[in-house]
Amino acid sequence: MSHKEIKNAIEIKNLTKTYGKKRGVDHISLSVEEGDIFGFLGPNGAGKSTTIRSMLGLLRFQKGEIRLLQMDTAKQQKEILKQVGYMPSEAAFYPSMRAKEVIKFAAAARNMDCAKEAEKLCRILEVDGEKKIEELSLGNRKKISIVCAMQHKPKLLILDEPTSGLDPLMQEAFFQLLMEYNGQGCTCFLSSHVLSEVKSYCKNAAIIKEGKIIKTDTVSNLSKSNMRRVFVRANGQEKEFVYTGDMKELIHKLDGMAVEDVLINEPSLEELFIHYYEQDGEEEKKERKQ
């Protein structure tokens, strides 16, 4: 029985982009397999948007190589963009145009008739096509951006902070659409600083800090840790802390206290995220000392 060859939808090698003295991204390398939902995690200013804009050929970078759908972004940008759906973190549309006109305009720019898919997306996301862009809230503009990115059924979706501004119900509707497209073979690259949504929907993820990738792994592995959040009530006092040491040692310490209650939980994703950042900072300090 022959195994299906696994191809990468995204390959980034040593991407470096600087803005004078301002930091951009520094020797970033990562790959995303076809059919994956890949999370790109980092706080604002970490280099997520710079990486994405470089991927799409919207920024010229100093070093490195990027291939999307096995094509070189420097040489085959036009071919790549035909098969990619991109959603920027902040979408800008002509303010006097109506929502339905913007959606139709985006399809016409691709020389495609996407009316059927656009209608379905607008129905699910509750887009009011008659309203002008200038009359819409950030969340409603975001919905139009989703329709524009998805209506041509791309092979690769690149989404930069897609859920910011969406209410919880619309976030749920968006992810259901994302899962549907992924089930049809679409690869999804999702930039986010919302850890819970990455844990719920992404298979693999990379963590970026100050323009550098500090960790790439499966989301389940990234969520595993020897960190524990400990709540203790002893001698009438309550203490809560994060513990990373040996559990036997913790139990031994607690044994010597008049413990009335103890609760040991896994840390939140936010705490894990901070832990990876702190861990990376400690490693940098060690390297400088050497």
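# A tour from helix α6

Select α6 and colour its buried residues: Met170, Ala173, Phe174, Phe175, Leu177, Leu178, Tyr181 and Asn182. The model on screen is a predicted one. An α-helix has 3.6 residues a turn, so residues three or four places apart point the same way.

Next, show what lies over those buried residues. The cover includes the strands β3 (37-41), β7 (156-160) and β8 (187-192), along with the helices α4 (115-125), α5 (138-150) and α7 (195-201).

Now go to the two ends of α6. At its start, select Asp167 and Leu169: a side-chain oxygen of Asp167 comes within 3.0 Å of the backbone nitrogen of Leu169. After the helix comes Gly185, which has a positive phi, near 105 degrees. For a check on the helix itself, place a distance between its end C-alpha atoms, which are 23 Å apart. That agrees with the 22 Å that 16 residues should span at 1.5 Å a residue.

**The cores**

Select Ile144, Met150 and Leu178. Within the largest nonpolar core, which has 43 residues, these three touch the most other members. Helix α6 (residues 168-183) gives this core its largest share, seven residues. Then centre on Ile144 and show its surroundings. Beyond its neighbours within four places in sequence, Ile144 contacts Phe93, Ala99, Val102, Ile103, Val127, Ile133 and Leu136. There is also a second, separate core, of 25 residues; among them are Ile10, Leu30, Ile66 and Ile80. In soluble globular proteins, nonpolar side chains tend to be buried together.

**The open sheet and helix α1**

Move to the sheet with the strand order β2-β1-β4-β5. The sheet is open, has four strands and is paired antiparallel. At its edges are β2 (22-33) and β5 (71-72), each pairing on one side only. Five bridges link β1 (residues 8-19) with β4 (residues 63-68), in the antiparallel sense. To see one of the pairs, select Ile10 and its bridge partner in β4, Leu68.

Helix α1 (residues 48-55) packs on this sheet and touches β1, β2 and β4. Its direction makes about 115 degrees with that of β1. Within α1, pick Thr51. Is Thr51 buried or exposed? Thr51 has a relative accessible area of 0%, so it is buried. Neighbours within four places in sequence aside, Thr51 is in contact with Ile12, Leu15, Val25, Ile28, Phe40 and Ile208.

**Around β11**

Select Ser225, in the loop that runs between α8 (219-223) and β11 (228-234). Ser225 counts as partly exposed because its relative accessibility is 21%, and buried means under 20%. For a sense of distance, add Met97: its C-alpha atom is 50 Å from that of Ser225, and the two residues are 128 residues apart along the chain.

From the loop, continue into β11. This strand runs antiparallel to β12 (residues 237-243), and seven bridges join the two. One pair to select is Val232 with Lys239, which stands opposite in β12. Two residues lie between the strands of this hairpin, where Asn235 takes a positive phi near 50 degrees.

Last, add β13 (residues 259-265), which pairs with β11 in the antiparallel sense over six bridges. Select Arg233 to find its bridge partner in β13, Asp261.

Methods:
Residues numbered from 1 in each chain as written. Predicted model: local features only at pLDDT ≥ 70, side-chain atom pairs only at ≥ 80, totals over all residues. Heavy atoms only, no water. Pairing = 2+ DSSP bridges. Contact = heavy atoms within 4.5 Å. Axes fitted to C-alpha atoms, helices over the stretch in contact; angles between N-to-C directions. Core = buried A, V, L, I, M, F, W, Y, C linked by side-chain atoms within 4.5 Å. Buried < 20%, exposed > 50% of the residue type's maximum accessible area, 1.4 Å probe, protein only. Expected span 1.5 Å × (residues − 1). Polar contact = N/O pair within 3.5 Å; in protein donor to acceptor, adjacent residues only side chain to side chain.
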